[in-house]
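Work through the exercises below with the sequence and the model open. Each task is followed by a solution in steps.

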Amino acid sequence: MKFIDLNLIFESLGYVLTGLPYTLGIAGLSFLTGISLGFLLALMEGSKSLFLRKLRRVYVSIMRGVPMIVVLFMLYFGLPYFGLQLPALLCAYIGFSLVSAAYISEIFRSAIAAVDLGQWEAARALGLSQRTIIKRVILPQALRIAVPPLGNVVIDMIKSSSLAAMITVPDIFQNAKIVGGREWDYMSMYVLVALIYWSLCFFFERFQAYLEKRLAY
């Protein structure tokens, strides 16, 4: 018995890659949504309202402490108990967006806190509004600090998107499982998806390095 069937890998590559749009779509759209939500959550930490600060901390603690697979199962299998049945793809998008927002908010919070306080004081001394200070002075500096950890979030989301297969989303991992079950050769399919995920992550690693160099100037 062969450990890896190369013929099966090449024959199945096209079918497995039909799930690539789902893999990249879930990771990409959820990351963009997570950035928006994460930025709002980071701003809540600087709010004068104690309630908003506490609310943000509770949300971040829950989303960082609950496994992604549990969030997906609660959305896909749990909501029907309340009379709400969402498509698997929508559940995956919502779940990854909500969880990534918690991690991204911490990245933004720490990046903003890392900007020298003198920058805030100098901007206020010039009479700039709070919105202008954040948009024109603080964010450009914080973004440079945030790029490496944000890159890690993207890579982790690409890999974690394979969990969407557990709620029947036809991504590359789900397609590989189908072929593996049909041919009774899961190992070859797991090797194939491992190479695909590694290739995707390697591409984003290079893109992250490029951004870091650009922002360094």
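## Exercises on a predicted model

The model is predicted.

**Exercise 1.** Classify Phe-39 and Phe-108 as buried, partly exposed or exposed.

*Solution.* Step 1: the cut-offs are under 20% relative accessible area for buried and over 50% for exposed, with partly exposed in between. Step 2: Phe-39 has 23% relative accessibility, so Phe-39 counts as partly exposed. Step 3: Phe-108 has 9%, so Phe-108 counts as buried.

**Exercise 2.** Describe the geometry of the ring pair Phe-39 and Phe-108, and state which helices the pair ties together.

*Solution.* Step 1: the structure holds eight aromatic pairs, and Phe-39 with Phe-108 is one of them. Step 2: the ring centres are 5.9 Å apart and the planes make an angle of 85°. Step 3: planes over 60 degrees apart count as edge-to-face, and the pair is edge-to-face. Step 4: Phe-39 is in helix α2 (residues 20–45) and Phe-108 in helix α5 (residues 88–114), so the pair ties together parts 69 residues apart in sequence.

**Exercise 3.** Do the same for Phe-73 and Phe-77, and name the cluster that ring pairs form with these residues.

*Solution.* Step 1: the centres of Phe-73 and Phe-77 are 5.1 Å apart with 75° between the planes, an edge-to-face pair. Step 2: both residues lie in helix α4 (residues 68–78), four residues apart, which means a separation of about one helical turn. Step 3: Phe-73 is partly exposed at 35% relative accessibility, and Phe-77 is partly exposed at 39%. Step 4: ring pairs link Phe-73, Tyr-76 and Phe-77 into a cluster.

**Exercise 4.** Check the span of helix α1 (residues 6–17), then find where its buried residues sit around the axis.

*Solution.* Step 1: α1 has twelve residues, and at 1.5 Å a residue they should span 16 Å. Step 2: the end C-alpha atoms of α1 are 16 Å apart, which agrees. Step 3: the buried residues of α1 are Leu-8, Ile-9, Ser-12 and Val-16. Step 4: these residues cover an arc of only 90° around the axis, so they are on the same side of α1. Step 5: Asn-7, Phe-10 and Glu-11 are exposed on the other side of α1. Step 6: the cover over the buried residues of α1 includes α2, α8 and α9 (186–216).

**Exercise 5.** Is Asn-175 buried or exposed, and which residues does Asn-175 touch?

*Solution.* Step 1: Asn-175 belongs to helix α8 (residues 172–183). Step 2: the relative accessible area of Asn-175 is 4%, so Asn-175 is buried. Step 3: leaving out residues up to four places away in sequence, Asn-175 touches Tyr-15, Val-16, Thr-18, Gly-19 and Pro-170.

Notes
Residues are numbered from 1 along each chain as its sequence is written. This is a predicted model: local features need pLDDT of at least 70, side-chain atom pairs count only at pLDDT 80 or more; totals for chains, interfaces and linings use all residues. Side-chain values use heavy atoms; hydrogens and water are left out. Rings of Phe, Tyr and Trp (its six-membered ring) pair if their centres lie within 6.5 Å; planes under 30 degrees apart count as stacked, over 60 as edge-to-face and the rest as tilted. Helices (H or I, at least four residues) and strands (E, at least two) are DSSP runs, numbered from the N terminus. Buried means under 20% relative accessible area, exposed over 50%, partly exposed in between (1.4 Å probe, protein chains only). Contact means heavy atoms within 4.5 Å. The expected span of a helix is 1.5 Å times one less than its number of residues. The arc is that of the directions from the helix axis to the C-beta atoms.
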